[in-house]
Structures are given as structure tokens and as C-alpha cells.
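Q: I am new to this structure and would like a close look at one part of it, the disulfide and the strands around that part of the chain. Please also place that part within the chain as a whole.

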Amino acid sequence: MNRTTLSLIAAATALAAVTGFAAVSAPDSADTTATSKTPARLPVERSSLLCPAPSTSELAETVYTSFTPVGTDGAGAGGTAELAPSAAPLDDATAADDEKKDDKDEEKAGDTAEDDSAKKPAADGAGAKAKPFMALKEPGKPVSGTKNVSDAPALVGTATGRLAPGWTTQQTTTVTGGDGRGLLGMSCTAPDTDFWFPGASTDKARQDYVHLTNPDDTAAVADVALYGKEGTLKSDTGEGIPVPARSSVPVLLSTLTGEAEPNVTVHVSTRTGRVGAVVNAADEKLGGDWLAASADPAPRVVLPGIPADATSVRLVVFAPGEDDAELKVRLAGESGTIVPATAAETLNVKSGMTASLDLGDVTKGEAGSVLLGPAEGAGETPVVAALRVVRGKGINQEVAFIPATGPVTERATAADNRAKGSTLSLAAPDGTGKVKVTASAGSGGGEQVVKTYTVKGGTTQAVTPPVPQGLKGSYALTVEPESGGPVHAARTLALTQDGVPMFTVQTLPDDRGMVSVPATKEDLSVLE
């Protein structure tokens with residue numbers, strides 16, 4: 001084994017331990033000279049995804065859609081991509097109840113193994129042997145599965161070989177009534193050690209849970225810190241939260257503090273191990289949706305995908321560093337960039353405090369994206385941010401969240417698009433950018449379609465995406481940059497149910513299907 005191979009293995013191991021992406025192939029010997037000068041760009045050969053328990057509502061139906069794009073240069077042959085139920089830690093009372101339930105279930109006929117695995121929580125650590133709920137067979141063609149039980153578990157998944165680069169899974173839940181009513185969508189997350197969630201709440205009108213899912217065979221320990229408009233919210237229970245091996249733990253934010261705050265930033269970090277983290281937000285009047293983590297703190301952030309018919313938009317920002325942030329708030333619409341009337345002055349964000357700004361019906365019938373950056377003469381202070389977006393009026397209102405997201409640097413994908421109700425938003429905050437959009441084959445049939453879009457600098461294009469020829473089922477959209485400046489993307493799913501304009505927005509961060517692997521400066525051809 002040569003030294004270059006050893007360096008690649010070491011780098012891959014470090015990546016896997018933190019991000020959930022791992023195992024890259026060493027370059028051929030012919031490439032060794034080149035890689036000794038510059039890092040090699042190689043496809044990952046293993047990736048992990050975590051999907052939280054979707055809903056406790058009896059009226060919930062959840063669709064999972066899994067997909068890997070085709071055409072990753074250097075991707076390995078073969079491979080698998082499977083999602084299986086996680087384990088669930090049980091207290092004594094729950095365990096006793098489940099034993100009785102198991103006795104009754106044994107007398108029933110006709111239940112499938114998949115249904116059983118979803119309904120019966122496994123003992124701690126047993127998730128490693130759970131039967132896969134859904135398995136992807138090949139790149140370029142999505143697969144879908146449905147669960148309509150209120151106790152559907154979290155899912156833990158791993159992809160290897162040619163199915164690993166760019167693997168994504170969409171979890172979409174429709175809740176037709178009751179608390180948390182709405183269309184709840186999220187891209188299942190990769191495990192990590194640090195997450196920021198501006199836009200959460202401990203208000204009495206909200207029931208916000210942060211879901212912590214551990215993919216590994218050893219326990220993780222997480223800290224959950226809350227920050228309001230005056231700084232840290234007092235909490236005696238947010239530190240040292242155990243997350244058992246291959247298990248998921250939902251934590252109700254209002255139980256961590258006695259302070260009711262409408263706008264809260266949640267910080268999840270791990271002391272040991274790694275987790276997937278996402279916030280489920282339910283409003284008693286506005287329905288509910290998932291709040292995904294913001295992009296890493298940065299002095300300039302983009303929040304794409306505000307629908308044209310948004311009736312209320314609230315911006316929530318947090319500065320995690322030691323410096324305050326003075327920010328200029330702009331809106332990039334279809335015709336250009338403006339400073340909204342509600343944001344005519346700079347937004348002052350104090351260090352360690354959550355700031356908010358109500359932008360109202362800022363889009364005025366024109367889809368847009370919020371751009372944040374330092375005000376004139378202000379410092380380059382990193383921030384995290386998210387939008388709370390409302391559609392509809394009166395009793396027919398629905399909420400969704402848009403976190404800050406980075407540009408598509410190589411490739412990004414959103415799964416579970418339908419023939420109707422999908423909108424793709426493309427924002428170019430700086431110069432004009434050109435992207436290629438591929439609509440995959442459908443989960444039940446159809447042929448992929450490719451289309452290119454040119455987005456003028458300082459604008460947002462909201463387009464009805466291409467639909468595969470002969471589409472059956474759902475399909476995936478993959479965005480790849482072709483030329484010009486950076487482009488940020490988001491996908492909206494919309495569904496009207498009994499007069500309620502249900503919708504959910506997923507941003508499209510880069511899929512990290514390729515990684516830079518540092519090359520060795522030494523040439524050691526033989527190791528003994």
C-alpha cells in the first residue's frame with residue numbers, strides 16, 4: 001500500500017467521523033504526481049442519512065422518497081442504499097405495554113414485516129438489525145415508500161458504492177387536521193456535531209420539538225442551548241442529553257426553560273458522538289412544518305424560495321460570535337433587488353441574542369429571496385438566519401420555514417417532486433449564473449428531462465420545473481452550476497386541502513458527493 005493511499009484512508013476516516021460521508025477511492029498511480037500538488041476531488045463511497053419520527057397524529061400520512069443522481073465521475077461499482085427503523089429507548093411501563101401488545105400481535109395475521117418494524121419499538125441498539133424499510137436499487141431512479149401510522153419510527157440509512165455520492169431522501173408528511181396540520185417536508189439530514197436553528201419558539205402557541213437521532217452503535221451526548229432576544233434562556237435540563245445508540249430522542253423546547261419566547265435560536269452540539277438534528281414546529285393557528293438547520297455562520301447569507309403569494313414573512317437572525325452584526329436586508333425578486341420598506345434601516349443583531357424583523361407581505365405577488373450582508377461600514381460578522389413564511393388568511397393559513405443555505409457549488413438534489421405543485425426557486429445574489437436542472441425518471445416510470453436556466457445577478461427566478469416524459473409517481477430535481485456567479489436554490493411543494501394552502505420549502509445545499517482529499521508530500525512506495 002503506498003503512502004498516498006494511506007493519506008486518503010486517514011482523510012476519509014476523519015470525514016466519516018464528523019460528517020457521515022466516508023471512504024473515498026485512492027487515485028490511480030498515474031495521478032499521483034498531480035495529487036501531490038493539489039487536493040484530489042473524489043466521490044464519497046459511503047454516506048449516512050437520518051429521518052426523524054414524522055408525526056404522532058392519527059391523521060398523518062408520510063411519503064419517503066430516496067434518490068441518487070447519475071453520472072458521478074469516479075464513483076465505485078455496486079453498492080446499497082437502505083433506510084431502516086431506528087431503535088427506541090423504552091421505560092419500564094412502555095416495555096411492559098409492548099410485551100402485551102406483542103402477544104396480541106402474534107395472534108393476528110396479515111401484518112407485514114415492514115408494518116411490524118414500524119409499530120414495535122426495538123430495544124436499544126436493535127436498530128442495527130432492523131429490516132430495511134426502503135432500498136434504492138440504482139442511480140437515476142427514485143424509490144418511494146409510505147407510512148400512515150402515528151407511531152412510525154425514525155429511520156437510519158446508509159448508502160455505499162455508486163449509490164453514495166449525492167444520496168438524498170425526502171420525508172413528506174400530510175396532516176389533514178388537528179395540531180400540526182399541514183404539509184411537513186424535510187430532506188433527511190446527515191449526522192454532525194453542531195447545528196443552529198434560528199426561527200424556533202417556546203411560546204405557548206407553539207409546540208416545538210428538536211429531534212436528535214444517533215446513527216451509531218455507541219451512545220451520543222448532546223447539549224441544547226436556547227437564545228432569546230435578551231440572550232441565553234435559563235435551562236437546567238438542556239445539557240448532557242443522552243441519545244442511545246441508533247435511537248431518536250425528541251425534546252420539547254418549552255420543557256427546557258420557563259421563559260416563553262416567540263423567536264428563539266436553538267444550538268445543538270454534541271459532547272460525544274454525533275447526531276442528526278431537526279426541529280418540528282407546530283403552531284396552534286398556523287399549522288406546522290420542519291425547521292432545518294441554517295447554513296454555517298457567515299457574514300453574507302441567502303434565504304431563497306419565498307412564494308409569490310406569501311402573506312407574512314418574519315426574518316430571525318442570530319450572531320453566535322463575540323461581535324455584534326449590523327446587517328442590510330434586501331429582497332431579490334424577479335426583476336431585481338430592493339430594500340423592503342419594512343427594512344429601510346439596518347438590522348442590529350447583538351452578540352448571543354436573537355433578533356427578528358417582520359417583513360409582512362414583502363413579495364407583493366413576486367417570488368423572492370432575502371439577502372443579508374454587512375451594512376455600509378459594518379464589520380464582517382458571521383450570522384445564522386431563517387424565515388418563517390405564512391400563506392393564506394384567516395383560519396386558512398399555513399406556515400413553512402426557510403433556513404439560510406449556501407450556493408450549489410457542484411450539485412444539489414430535491415426528491416419527491418410531483419407533476420403538479422412543485423416550484424423551483426433559483427437566486428443569484430451577485431453576478432448572473434447559469435445552471436442545469438435535471439428531472440429524473442419517475443419512481444413508477446418515465447424518462448429524464450434536462451433544462452438550463454440563466455439567472456440574472458440580483459434576481460430570483462421561480463419556475464415550474466421540467467417534468468419527466470411519461471411520468472409515473474414522483475421524481476427528483478438535480479441542480480448543477482454551469483457558468484457564472486453562485487446560484488442558491490430551493491424547492492416548494494404546494495397542496496391545497498379543504499381551502500388551506502399547505503406548502504413546504506426545502507433548500508438545496510450542495511450534496512457533498514465529492515470531497516477534497518489532501519495529498520501526501522512524501523512518496524513511500526513500499527510499507528513493511
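**The disulfide and its surroundings**

A: In this predicted model, the protein chain has four helices and 38 strands, and 52% of its 528 residues are buried. Among contacts between residues at least 6 apart in sequence, 81% join residues at least 24 apart, and this is a useful background for the link you ask about.

The structure holds one disulfide, and its partners are Cys-51 and Cys-188, with 2.1 Å from S to S. This pair links distant parts of the chain, since Cys-51 belongs to strand S2 (residues 40–51) while Cys-188 sits in the loop between strand S9 (182–187) and strand S10 (194–200), with the two positions 137 residues apart in the numbering. The angle about the S-S bond is 110°, and the link of Cys-51 and Cys-188 is right-handed. Both Cys-51 and Cys-188 are buried. In general terms, a disulfide is a covalent bond between the sulfur atoms of two cysteines.

The loop that carries Cys-188 follows strand S9, and S9 in turn belongs to an open sheet of four strands, which are arranged in the order S6-S3-S8-S9 with antiparallel pairing. Strand S6 (143–147) and S9 are the edge strands of this sheet, each of them pairing on one side only. Neighbouring strands of the sheet are turned against each other by 15° on average, direction ignored. The partner of S9 is strand S8 (residues 168–175), and the two run antiparallel and are joined by six bridges; within this pairing, Val-175 stands opposite Gly-182 in S9.

To place this part within the whole, it helps to look at the nonpolar cores as well. The largest nonpolar core has 31 residues, and of these Leu-315 and Leu-372 touch the most other members. Leaving aside residues up to four places away in sequence, the contacts of Leu-372 include Pro-299, Val-301, Leu-303, Leu-315, Val-317, Leu-327 and Ala-385, together with Arg-300 and Lys-328. Another core, of 29 residues, lies apart from the largest one, and Val-224, Leu-256, Val-266 and Ala-281 are among its members. As a general tendency, nonpolar side chains in soluble globular proteins are buried together. Turning from the interior to the outside, the protein chain exposes about 22,300 Å², of which carbon and sulfur atoms supply 49%.

Definitions and conventions:
Residues are numbered from 1 along each chain as its sequence is written. This is a predicted model: local features need pLDDT of at least 70, side-chain atom pairs count only at pLDDT 80 or more; totals for chains, interfaces and linings use all residues. Side-chain values use heavy atoms; hydrogens and water are left out. A disulfide is a pair of cysteine sulfur atoms within 2.5 Å. Buried means under 20% relative accessible area, exposed over 50%, partly exposed in between (1.4 Å probe, protein chains only). Two strands pair if DSSP finds at least two bridges between them. Axes are lines fitted to C-alpha atoms, for helices over the stretch in contact, and angles run from 0 to 180 degrees between N-to-C directions. A nonpolar core is a set of buried Ala, Val, Leu, Ile, Met, Phe, Trp, Tyr and Cys residues joined through side-chain atoms within 4.5 Å. Contact means heavy atoms within 4.5 Å. Accessible areas come from the Shrake-Rupley method with a 1.4 Å probe; for residues, only the protein chains shown count as cover.
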